[in-house]
Amino acid sequence: MAGAAPPPKPEELQPHPVKDQLPNVSYCITSPPPWPEAILLGFQHYLVMLGTTVLIPTSLVTQMGGGNEEKAKMIQTLLFVAGINTFFQTLFGTRLPAVIGGSYTFVPTTISIILASRYSDIVNPQERFERIMRGTQGALIVASTLQIVVGFSGLWRNVVRFLSPLSAVPLVALSGFGLYELGFPVLAKCVEIGLPEIIILLVFSQYIPHVMKGEKPIFDRFAVIFSVTVVWIYAHLLTVGGAYKNVPHTTQDTCRTDRAGIISGAPWIRIPYPFQWGAPTFDAGEAFATMAASFVALVESTGAFIAVSRYASATPLPPSVLSRGVGWQGVGILLSGIFGTGNGSSVSVENAGLLALTRVGSRRVVQISAGFMIFFSILGKFGAVFASIPAPIIAALYCLFFAYVGSAGLSFLQFCNLNSFRTKFILGVSIFMGFSIPQYFNEYTAFKNYGPVHTHARWFNDMINVPFSSKAFVAGSLAVFLDATLHKKDSQTRKDTGMHWWDRFSSFKTDTRSEEFYSLPFNLNKFFPSV
């Protein structure tokens, strides 16, 4: 036929080559950007992690009996501890550029402590707040032992060795996609500022760099700072201009820039200190429930760590390094209990997504952001200004960042054989059930105000309801179980799951690049060797 296209050359029909390190990253884990750029990028990470840091205390403090002053103190403490934990994790833990912040996984167990009968007869709200806070401290201190023991003993290292690229897909993908409830549903609470934020962020990060091809990628790298500044000013103008005078209180709370109450409640300078709310109190049931939440956070953090290693252009995490990181995360939960944050800690998924947006996976940048967290937690009023950014603006950022983390999970499909029925079954069932089971648990809880498991022991209910409400936990656990038990482990099955690609990363010493990315500073590897 005349005018037909010439047949493609054989090399054009080849699939994309498999990459164990993500290419096209501007600065990888060990290569820091210039100082001015690194400081701005660190501040951007600080801005992004503020969302969770503010949303968790905002939802908890009023239930605990506290006011704006207590909320400001709790946010400051969370920030302070997050800064210390992030610094420890980047220096002695996995050494990945991972921010360790507050975790939504611990919120249900904290609410159970709030509802405990021993606090119901306290009339003074200030006293009630402090007594509940001391109860959460005791639960967190006990629960931290789980991750400390599982991590530093090397037990988690042996569990993670069962993880193949195939079972990593549902775990990592749902660590991001599973947080969809914090994206558009929160953005839509104030569409007039949420939608402009997501559109401007999209334009700055994806479209402008292709139109204006400069030497330095300024717009996409600092898209968060540009877009948040523009929309925040716009939201403030709407507030001052009286746009929300005659709207319901719920709309005012989410849209107005002066409703957070954090700036008025925050002191000028205050250093959070251990046991600031008083001596912790211990309850066996609450400690067990928080331990279950700690285990769920451990699984979710494993998925987030894998995503961070991908976007930092590092090689896949050796199991011993991941286990070391989990141990330090346990130390983080211990510090949360000692300082009294009212909440445990885990890897910040949104900051993992920011690594992808900026294409900067530098460790130094995240260490600078830890400095910002500590600095602004001490200078209360200044920190409170940034912490009063309306939630719909933060939710708009989440729409992109959680999507990036989810797609990091999908990227491991490149190692798997997608023409295998076994692969399709494990992928399909684990991802579907990972969405479906938590949906049932969450819907049931929203409708009846208690979970499907409903006995007189609230701590036992939490031990069952909390794990099954986590999408990443359900999908990841199911994928690992199916991958380990379905069919015999012959060489073809190993190839189908992509395990032959990860074999050389199963030990610290089998790949030379592990030393470059994950070895401890100050020659500590001599005393604490990774295996």
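**Rings, cores and a helix crossing**

A search of the whole structure, which is a predicted model, turns up 37 aromatic pairs.

Student: Take tyrosine 46 and phenylalanine 376: what kind of aromatic pair do they form?

Tutor: Look at the two ring planes, which are 20 degrees apart, with 5.1 Å centre to centre. Planes under 30 degrees apart fall in one class. That makes the pair of tyrosine 46 and phenylalanine 376 stacked.

Student: How many residues apart are the two partners, tyrosine 46 and phenylalanine 376?

Tutor: Tyrosine 46 sits in helix H1, while phenylalanine 376 belongs to helix H16 (residues 363–378). The pair links distant parts of the chain, and the separation is 330 residues.

Student: Is tyrosine 46 buried or exposed?

Tutor: The cut-off for buried is under 20% relative accessible area. Tyrosine 46 has a relative accessible area of 0%, so tyrosine 46 is buried.

Student: Which residues do ring pairs link into a cluster with Tyr46?

Tutor: Phe376 is one of them. The full cluster joins Tyr46 to Phe43, Trp232, Phe372, Phe375, Phe376 and Phe386.

Student: Which residues of the largest nonpolar core touch the most other members?

Tutor: That core has 112 residues, and Tyr46 turns up here as well. The full list of those touching the most other members is Tyr46, Trp156, Val224, Phe305, Leu357, Phe401 and Tyr518.

Student: And tryptophan 156, what is it in contact with once neighbours within four places in sequence are left aside?

Tutor: Two of its contacts are not nonpolar by class, Thr302 and Ser323. The whole set is Val150, Phe295, Leu298, Val299, Thr302, Leu322, Ser323 and Val326.

Student: How many residues are in the second, separate core?

Tutor: Its members include Ile56, Val61, Ile122 and Trp277. The count for this second core is 16 residues.

Student: Are H1 and H4 oblique or perpendicular to each other?

Tutor: The axes of H1 (residues 35–64) and H4 (residues 125–152) come within 8 Å and cross at roughly 120 degrees. Roughly perpendicular covers 65 to 115 degrees. H1 and H4 are therefore oblique.

Student: Which H4 residues meet Val61, Gln63 and Met64 of H1?

Tutor: By class, the contact has six nonpolar, one polar and one charged residues. On the H4 side, the partners are Pro125, Arg128, Phe129, Ile132 and Met133.

Student: Is phenylalanine 468 buried or partly exposed?

Tutor: Buried would need under 20% relative accessible area. Phenylalanine 468 has 36%, so phenylalanine 468 is partly exposed.

How values were computed:
Residues are numbered from 1 along each chain as its sequence is written. This is a predicted model: local features need pLDDT of at least 70, side-chain atom pairs count only at pLDDT 80 or more; totals for chains, interfaces and linings use all residues. Side-chain values use heavy atoms; hydrogens and water are left out. A nonpolar core is a set of buried Ala, Val, Leu, Ile, Met, Phe, Trp, Tyr and Cys residues joined through side-chain atoms within 4.5 Å. Buried means under 20% relative accessible area, exposed over 50%, partly exposed in between (1.4 Å probe, protein chains only). Contact means heavy atoms within 4.5 Å. Axes are lines fitted to C-alpha atoms, for helices over the stretch in contact, and angles run from 0 to 180 degrees between N-to-C directions. Helices (H or I, at least four residues) and strands (E, at least two) are DSSP runs, numbered from the N terminus. Angles under 35 degrees count as roughly parallel, over 145 as roughly antiparallel, 65 to 115 as roughly perpendicular and the rest as oblique. Rings of Phe, Tyr and Trp (its six-membered ring) pair if their centres lie within 6.5 Å; planes under 30 degrees apart count as stacked, over 60 as edge-to-face and the rest as tilted.
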